[in-house]
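Trainee: I would like to look closely at one helix and what follows it, and then see how the rest of the chain is put together. Could you take me through it slowly?

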Amino acid sequence: MRARTSGILAGLCLLGSLMATPALLAQQEPVEPAGRPNFVLVLVDDAAYMDFGIYGGEARTPVIDRLARRGVMFSNYHSSPLCAPSRAMLLTGLDNHRTGLATIPEVLPPEHRGQPGYGMDLEPGVVTVADRLQAAGYRTYMTGKWHLGHGEGALPDAHGFDRSFVLDASGADNWDETPYMPYYRTADWFEDGQRTHLPDEFYSSEFLVDRMIDYIDTDAGSDDPFFAYLAFQAIHIPVQAPREFTDNYAGTYQAGWETLRQARTLRAINLGLIPESTEAMPLPDTMRAWSDLSAADRELYARSMAVNAGMLEAMDHHLGRLVEHLEATGQFDNTIFIVTSDNGPEPSNPVAELGFTTWMNLHGYSREVENLGERGSYAFIGPEWAMAAAAPFNLFKFYASEGGLRVPFLVAGPGIEAGRSSGAAGYVTDVTPTILDLAGLSHATEELTGRSLRGVISGEAEIAYQPHDAVGFEVSGNSALFRGDYKLVRNMPPWGDGSWQLFDLSVDPGETRDLAGERPEILASMRADYHVYAATNGVLDLPEDYDIHSQISINAFKRQLEFYGWQFALVLVFGIGLITGGIRWWLSRRPR
């Protein structure tokens, strides 16, 4: 209780200090535009560490690969294990609990609702990188997934973006305005803070790039540089892509998930992304073996992974149209590109949830091989493919193992040393201070959690973090603390057991050899560091028997009751009436 109380007090104190920040922004003098770079921040949704071609993935991503060769590619960059916390950290440079997005609303237990740091919107006074750049004279644009709050005052227009076209939810259909899970009744899109609707002809990656180009072109005569945040839906559930992209991978995944996991691990070693000593955890016993699937299921799952790769290629293709446009308009050479993912691959198997197939049918979705990935279809890769995609690391999205946290990250553009890979530690909270530093606003980074990576990407420094620096993460109980080569980690059920483990990532990034028993002094020291992190940032303990996947189902069911409560009540009353009437009829027919 003492740790919980101190965490809440720390959070309240922090919020008080942040409330003064907008006033400071108002006093900030715009920086002269001459020589200041543009920024394009590209966030891919649920992309695994090796999903990009240059990281060893199967998908064709020539645009991202080209950008990586033009700049610095990181092999030791970590995000958080879930989307909204990652996005909050990315855009503010603050720990997720300091932003109000400690987790996502879909998995929030009732005990945490309304607590400091758990409001599920950006807290009052929290300032985004767009706020800071806008105050310094930048034009600021966003298209794509927001997921940092809903309604007036919680959307990008209230957080520093001049123009925005965004989805406020965790995901949606990529072909039309349809929700993707029972937690949502509708798929709500907003332009500049106002509810709007999608055009009849829509594919998410194409549209988001089109709208971003429109925003940039509207202000083409301005001398002010721009900040463009492009948050793709690819490759979040539902996984969808035009057939011409999916067909490129028709035979790529026929050998199954065990084979892919082995192949990716070997490629990562050969590319120098991980040490030769790396071993990859085998698939857990509770996962299915590829050979145990029926021929029909193998075809369905191989096609699902082909759609996943096709969706990545389609995203890269449309990102290429933005790059070509900037080249044609003479803006490319002065633009810094940052490309990364919010977390590791998505393991969910929604059709295993009670009632989900019925929900799919009611919303016009099917899951057939013939049109998988196309309009009206619903595809996902599931836990086995997610484990394979996360190679050479353990586990995936939701969890604090490397498979959930370590993701691709590259920076390219003016002032960035080209053609270099870096093994320096970097974290999602570093993106905002890095952008501000590159924009000449380094004085605005002092109160942030993260730190600038400018020295690393310019080639002036090898590292941004010293071996004694401790960096913590926590989302819904899944926790990690990095210090030098060591990582302290706790993964919650169902794929973890809730115990603390210790790994040396310099030789074992696959997290196969727990050192907790061999290095008790390091374990104790790092646990103490984690408790300091948790108390400082207002981390709350989870309720007893909390299960993140069960909580999703519970919260979705409650939302369905909110949406359709009167219909459920009507059906219930009608059913009771039928049963009562039937009983009365039966009793009336009995001989007396």
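Which residue just after H4 takes a positive phi, and of about how many degrees?

Mentor: That residue is Gly93, which follows H4 directly and takes a positive phi of about 80°. Before going further, please keep in mind that this is a predicted model, in which local features need pLDDT of at least 70 and side-chain atom pairs count only at pLDDT 80 or more, while totals for chains, interfaces and linings use all residues. Residues are numbered from 1 along each chain as its sequence is written, and side-chain values use heavy atoms, with hydrogens and water left out.

H4 itself covers residues 83-92, and because 10 of its 10 residues are buried (under 20% relative accessible area with a 1.4 Å probe, protein chains only; over 50% is exposed, and in between is partly exposed), the helix is largely enclosed by the rest of the structure. Reading along H4, the buried residues are Cys83, Ala84, Pro85, Ser86 and Arg87, followed by Ala88, Met89, Leu90, Leu91 and Thr92. The helix and strand names come from DSSP runs (H or I, at least four residues; E, at least two), numbered from the N terminus.

From this helix we can turn to the nonpolar cores, meaning buried Ala, Val, Leu, Ile, Met, Phe, Trp, Tyr and Cys joined through side-chain atoms within 4.5 Å. The largest core holds 170 residues, and the members that touch the most others are Leu133, Trp146, Phe227, Tyr229, Leu322 and Trp385. Helix H10, residues 295-328, gives the most to this core, namely 15 residues. If we leave aside neighbours within four places in sequence, Phe227 is in contact (heavy atoms within 4.5 Å) with residues including Phe39, Leu41, Leu133, Tyr138, Arg139, Phe161 and Ile435. There is also a second, separate core of 19 residues, among them Met120, Ala516, Met526 and Ala534.

Next come the aromatic side chains, whose rings (six-membered for Trp) pair if their centres lie within 6.5 Å; planes under 30 degrees apart count as stacked, over 60 as edge-to-face and the rest as tilted. By this rule there are 36 aromatic pairs. In one of them, Trp257 and Trp290 have ring centres 4.8 Å apart and planes at 85°, so the pair is edge-to-face. Because Trp257 belongs to helix H9 (residues 257-270) and Trp290 to the loop between H9 and H10, the pair ties together parts that are 33 residues apart in sequence. Trp257 counts as buried because its relative accessibility is 0%, and Trp290 counts as buried at 6%. Another pair is tilted, because the rings of Tyr427 and Phe473 have centres 6.0 Å apart and planes at 45°. Tyr427 lies in strand E12 (residues 426-427) and Phe473 in strand E13 (residues 470-475), so parts 46 residues apart in sequence are tied together here. Both Tyr427 and Phe473 are buried. Ring pairs also link Trp257 and Trp290 with Tyr253, Tyr301 and Trp385 into a cluster.

Strand E13 leads us to an open sheet of four strands, in the order E13-E14-E15-E16 with antiparallel pairing, where two strands pair if DSSP finds at least two bridges between them. Its edge strands, each pairing on one side only, are E13 and E16 (500-504). Strand E15 (residues 486-490) joins E16 in the antiparallel sense over five bridges, and the bridge partner of Val489 in E16 is Gln501.
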